[in-house]
Amino acid sequence: MADISLSRAVRWDTVVGALLIVVLLFSFGFVDGFSNALNLSFLIGNTLPIALIALPMTLLVVSGEIDLSVASTAGLSGAVMGALWNQGMAIETIIPICLLLGVVCGLINGLLVTRLGLPSLAVTIGTLAAYRGIAQIVLGSDAVTDFPTQYLEFASGRIGDTFVPDAFLPFLVLLAIAVVALHATPFGRSLFAIGASEEAARFAGIRVKRQKLLLFTVTGLMASLTGIFWALHFASARYDNATGLELSVVAAVLLGGIDFDGGKGTLGGAIAGVFLLGALQNVMSLQDVSAQSQIVVTGVLLVLSVLGPRVARQISVARAGRKAASTPTS
Amino acid sequence: MTHPSTTGPAPVLALKDVSKSFGAVRALRDVSLELFPGEVHALAGENGAGKSTLIKALAGVHRPDAGQVLLDGAPVTFHGPGDARDAGIAVIYQEPTLFPDLSIAENIYMGRQPRRALGRIDHKATHNATAALMERLGVELDPDRPARGLSIADQQIVEIAKALSFDARVLIMDEPTAALTGSEVARLFGVVRTLREQGAAVLFISHRLEEIFEICRRVTTLRDGALVGSEPLEGMTEDDLVRRMVGRDLDELYPKQEVTPGEVALSVRRLTREGVFTDVSFDVRHGEIVGLAGLVGAGRTEVARAVFGIDRWDAGEVTVDGKALVNGAPSTAMSAGLALVPEDRRAQGLVMDMSIERNIGLTGLRTTVKAGLMDRGAERSRSLDWAVKLQVKYARIADTVNTLSGGNQQKVVLAKWLATGPRVLIVDEPTRGIDVGTKAEVHRLLSQLAADGVAVLMISSDLPEILGMADRVLVMHEGRLTAEIPRSDATEETVMAAATGRAAA
């Protein structure tokens with residue numbers, strides 16, 4: 001595991017954390033318009049959807065699985081929310097229904113993966129298309145914008161005069177829960193074991209399928225929460241909300257040092273990755289880099305983020321080898 | 001200290017005063033070795049004695065820091081495994097690496113198939129060349145048959161054929177028999193004898209001493225990287241050899257304590273998994289070590305897996321201390337007091353990338369918990385406690401288990417399960433691939449556990465181990481339990497007869 005040789009290893013999550021600080025310092029110093037409160041609130045607000053989904057995604061990737069349908073689940077939740085609102089249903093009823101829908105979406109992914117033994121990459125590419133298709137059927141090309149003001153204000157407002165969005169505090173609570181779940185509970189410990197060797201985990205009496213099913217379900221729930229937040233934050237429920245968000249989430253999580261093969265990584269690293277990506281996107285927007293070019297940068301980052309931790313690990317292995325004189329096997 | 005050759009030709013391959021260090025670790029110190037044509041030479045030593053390093057020096061993987069590699073008496077420097085191969089030195093590893101979807105002939109001539117016009121592969125020539133190799137080895141293997149499905153022995157024979165196709169004069173066999181059954185070993189040895197008669201030099205490594213005595217003429221023993229000696233095996237006993245390897249008299253290899261069995265602990269009734277095993281019933285009592293013998297593929301491991309809940313059973317019942325287990329649920333089997341030390345420690349027993357501490361901790365995820373959170377202090381002391389009790393040799397408890405030797409890895413697996421305080425312990429091939437010193441330790445441990453009232457079910461392909469340790473021997477053949485033999489009647493003959501289906505059930 002990544003935390004074995006703390007002293008020796010180049011820890012990728014630390015590298016990403018440091019990189020985030022460098023980018024922020026640089027942006028504060030040299031990028032026009034970066035440091036004003038409105039921009040910072042935009043940065044955080046626009047990054048929150050990525051961050052929210054990155055929480056369960058981190059746990060999922062640590063356990064060796066992935067969910068690419070999250071953005072579609074988010075879009076579907078937003079679309080259903082819009083459609084029900086158009087029907088005149090109360091928002092207090094709609095939100096729980098949408099969250100339940102997210103649970104169902106996640107459960108379907110989880111059941112396909114755990115009961116039928118299908119690879120999650122394939123399953124969730126399928127449901128990525130399916131959920132988005134349903135969203136379009138539900139809402140068509142409508143855009144629903146007239147949600148209750150207090151909800152819209154909460155989703156886009158700031159705490160007092162600060163740059164901190166109102167929604168940031170609930171996110172911090174969820175982050176704390178996720179950190180504890182992954183790094184301080186038997187559940188989290190079992191995820192690392194499952195990701196590193198599913199068979200050994202099973203032979204240690206860990207309920208692999210149950211844990212995975214739970215994770216997919218929670219991921220669906222968080223995706224739909226994100227979809228609701230997205231629709232309110234941008235005051236627009238459309239079937240194509242959050243399209244492509246899964247790319248950002250996966251890129252950010254991998255950038256944060258979560259090993260795509262499972263079993264390695266920290267939530268701190270993943271969240272640092274999320275905000276590093278968010279800050280870069282913000283800076284690019286301020287510099288009038290086109291959206292298309294930003295996607296290119298995200299894609300390149302995704303590749304680099306898979307490469308980076310490996311290089312870091314090899315460096316640390318090489319250093320450890322020279323220092324501790326690798327024991328010969330015989 | 002090299003043994004001078006008394007008869008015959010000069011050594012085909014030799015090491016002279018070779019040393020090799022990895023950082024501060026001196027893996028080989030002034031080791032010399034001579035391999036003569038037409039001899040099978042054993043290389044003996046405990047895990048970590050330097051056998052692998054020596055092989056790698058011969059095979060061109062490592063370059064010695066000091067000393068010489070001599071080929072036909074002349075010093076040579078191998079710049080890589082390719083050089084050694086071109087010099088006629090081939091290494092056959094424990095686990096062959098064939099392409100399963102290619103035919104035997106294609107595997108042997110991979111990348112250098114005979115060509116016809118326009119660079120097309122000449123399948124006929126490839127086939128014929130392979131058939132000739134097989135004939136030379138005296139085995140019947142169809143060159144066109146895909147490698148998939150070949151037994152490990154046959155895969156090794158293909159590797160040997162491949163070595164011969166490179167005109168190998170020296171074959172280094174690194175624990176080739178570790179995963180083989182008795183009849184497969186015989187098949188492999190037949191080929192080795194043929195090679196010997198054809199004048200090849202064979203360096204043979206095995207943890208099974210009886211094999212060394214069966215096939216080898218001389219033995220070179222290493223201990224802690226240094227040469228103990230090279231000498232003829234004639235006149236030596238297994239105990240002599242063990243003493244040279246471990247440097248002291250080994251306490252008895254099978255320290256079985258007499259125990260009066262108590263109540264039935266594990267009861268298996270009419271257990272069936274369709275197509276795998278049928279109608280298996282047996283009891284293991286507290287204080288008893290019951291051996292489960294049989295050929296590989298007889299269904300022993302599968303029964304253990306089903307009992308523990310890794311696989312589901314189709315019919316039957318399993319109880320631990322009278323409490324019925326749930327079908328297909330390892331976690332409930334664990335709470336009932338069952339522990340399984342699986343056959344494949346690298347894939348099933350351990351998470352290789354995890355630390356010793358956390359591997360042992362994996363079985364305590366439900367006990368080292370405070371208010372729903374991991375109690376890291378309790379986890380660490382539990383892991384340290386058991387690692388020390390089992391004398392695991394490690395630098396730091398936070399080191400990953402893949403830094404440990406095979407024997408120490410096996411101790412970590414045992415530690416992991418003993419830490420659960422099991423009432424019933426199933427061990428599947430508990431000493432496979434570990435050195436003789438550790439093996440004796442594992443046996444002493446199992447014996448002590450039984451004396452403390454644990455019911456032990458021991459699956460093993462190592463017959464002396466079964467005979468030496470078990471109070472009773474159960475034998476499986478083709479998915480059925482064919483015999484139950486008390487300790488007093490258990491001999492190699494009775495057990496093998498039942499295992500091969502020659503005895504009536």
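This passage goes through the fold of chain A, the confidence behind it and its contact with chain B.

The coordinates come from a predicted model, so it makes sense to start with how far chain A can be trusted. For chain A, the mean pLDDT comes out at 90, with 92% of the residues at 70 or more. The weak spots include a stretch at residues 1–9 of chain A, where pLDDT stays under 50 and the model has 20 contacts beyond four places in sequence. Residues 324–330 of chain A also have pLDDT below 50, and that stretch has 23 contacts beyond near neighbours in sequence. Where pLDDT is low, the predicted coordinates should not be read in detail.

As for secondary structure, chain A is a helix story: 13 helices and 0 strands. Walking along the sequence of chain A simply gives α-α-α-α-α-α-α-α-α-α-α-α-α. The UniProt record, an unreviewed entry, puts the feature "transmembrane region" at residues 12–31, 37–61, 68–88, 94–114, 121–139, 167–192, 213–236 and 291–312 of chain A. Two of these annotated spans can be set against the model. Residues 68–88 of chain A are 81% helix and 0% strand, and the C-alpha atoms at the two ends of that span sit 32 Å apart. For residues 94–114 of chain A the helix share is 100%, again with 0% strand, and the end C-alpha atoms are 30 Å apart.

Turning to overall dimensions, the C-alpha atoms of chain A fit a box of roughly 75 × 55 × 35 Å along the principal axes. The radius of gyration of chain A is 20 Å, which agrees with the value near 20 Å that a compact globule of 330 residues would have. Of the 330 residues in chain A, 50% are buried. Contacts in chain A also reach across the sequence: of those between residues at least 6 apart, 79% link residues at least 24 apart.

Finally, there is the contact between the two chains, to which chain A brings 25 residues and chain B brings 39 residues. On the chain A side, the elements giving two or more residues are α8 (186–196) and α9 (198–203). Of the elements in chain A, α8(A) gives the most to this side, with 5 residues. By residue type, the side of chain A that touches chain B splits into 12 nonpolar, 9 polar and 4 charged residues.

Technical notes
Residues numbered from 1 in each chain as written. Chains lettered and ligands numbered in written order. Predicted model: local features only at pLDDT ≥ 70, side-chain atom pairs only at ≥ 80, totals over all residues. Contact = placed C-beta atoms within 7 Å. Helix = DSSP H or I, 4+ residues; strand = E, 2+ residues; numbered from the N terminus. Nonpolar A, V, L, I, M, F, W, Y, C, P; charged D, E, K, R; others polar. UniProt positions renumbered as here; feature names shortened; annotations may be inferred. Rg over C-alpha atoms; globule rule 2.2 N^0.38 Å. Buried ≥ 20, exposed ≤ 12 C-beta atoms within 10 Å, placed from the backbone. pLDDT = per-residue confidence, 0-100.
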